[in-house]
Amino acid sequence: MSQIDTLPPLREVIAEHGLRAKKELGQNFLLDLNLTMRIARAAGELSDVTVIEVGPGPGGLTRALLAAGAKKVIAIERDERTMPALAQIAEAYPGRLEVVSDDALAVDYQALAKGRTKIVANLPYNIATPLLTGWLSEEPWPAWFESLTLMFQKEVADRICAAPGDKAYGRLGVLSGWRTDARIALKVDRNAFTPPPKVTSAVVHMVPKPVEVDVTTRAMEEVTRYAFGQRRKMIRQSLKGLGVPLEALLGPLGLTGEERAENLPVATYVALARAVAAARG
């Protein structure tokens with residue numbers, strides 16, 4: 001399959017509109033429409049779904065999402081150079097593509113959601129982690145989106161999906177593991193992009209799951225910030241900054257204080273956050 005629709009190949013689109021990827025915008029364009037279709041399929045059934053896409057660029061993933069049957073795609077793009085290329089896609093898929101010209105970090109995503117909504121994106125790498133943590137911090141939870149299917153540098157993808165004891169396990173893994181079921185859906189070679197980034201990439205698929213209503217994101221962020229801020233030290237040392245008596249905090253949870261942050265499961269961080277809140281009254 002070399003083409004997924006009647007539109008020109010992406011290389012021709014990029015040449016026609018002079019769309020050189022800009023490093024300052026974190027742009028790396030995906031030109032392989034077979035690959036973009038694989039990413040669209042990783043998001044699951046799209047026929048009755050509004051898809052929010054961030055950073056469509058020349059529209060390779062946008063085209064795949066529409067070809068895969070997405071009811072509507074809302075694409076967030078700040079690069080005005082891409083607008084003519086995206087307009088061609090909108091014309092080929094009447095009424096199904098809406099382009100929002102805005103800074104992805106400033107958008108009210110929930111206001112864009114219409115019915116069943118999924119977020120699918122080849123994220124600009126320079127804002128990928130802030131976008132993800134923003135979505136994972138939505139309140140109330142489970143959030144308004146059904147799933148996240150997102151491209152990251154593989155190093156970041158490994159951190160998102162890491163388990164206790166893994167070298168990559170840290171604050172991002174705890175937050176992701178607390179609020180979602182996350183898995184790496186596919187790995188993407190650097191040569192699939194124009195220009196090729198210096199690292200391998202990976203697509204992560206994340207599905208929100210219920211969480212404890214008495215534990216806030218802020219409390220989890222505080223506990224993990226102290227725990228992993230000195231990750232090589234025992235938690236009795238790293239958690240001192242919380243300002244609560246550690247003996248009363250750790251003992252009821254069956255912790256000796258000699259444990260290290262990278263070995264504690266997500267459930268323990270939830271219990272620590274709850275205990276800190278209780279100790280502070």
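**Helix H1 and the chain around it**

Biologist: Which residues are exposed on the other side of H1?

Modeller: This is a predicted model, and a residue counts as exposed when its relative accessible area is over 50%. On the side of H1 that lies opposite its buried residues, the exposed ones are Arg 11, Ala 15 and Glu 16.

Biologist: Which residues of helix H1 are buried, and within what arc do they fall?

Modeller: Helix H1 covers residues 10-17, and its buried residues are Leu 10, Val 13 and Ile 14. Seen down the axis of H1, the buried residues line one face of the helix, because they fall within an arc of 95°.

Biologist: Against which elements do the buried residues of H1 pack?

Modeller: Packing here rests on contact, that is, on heavy atoms within 4.5 Å. By that reckoning, the buried residues of H1 pack against one strand and several helices, namely strand S1 (29-30), helix H2 (33-42), helix H3 (60-67) and helix H4 (83-92).

Biologist: Which residue follows H1, and what is its phi?

Modeller: The residue that comes after H1 is Gly 18. The phi of Gly 18 is positive, with a value near 60°.

Biologist: How many helices and strands does the protein chain have, and what is its radius of gyration?

Modeller: The secondary structure of the protein chain comes to 12 helices and nine strands. For 281 residues the globule rule gives 19 Å, and the chain comes close to that value, so it is as compact as a globular protein of that length, with a radius of gyration of 21 Å.

How values were computed:
Residues numbered from 1 in each chain as written. Predicted model: local features only at pLDDT ≥ 70, side-chain atom pairs only at ≥ 80, totals over all residues. Heavy atoms only, no water. Helix = DSSP H or I, 4+ residues; strand = E, 2+ residues; numbered from the N terminus. Rg over C-alpha atoms; globule rule 2.2 N^0.38 Å. Buried < 20%, exposed > 50% of the residue type's maximum accessible area, 1.4 Å probe, protein only. Arc of directions from axis to C-beta.
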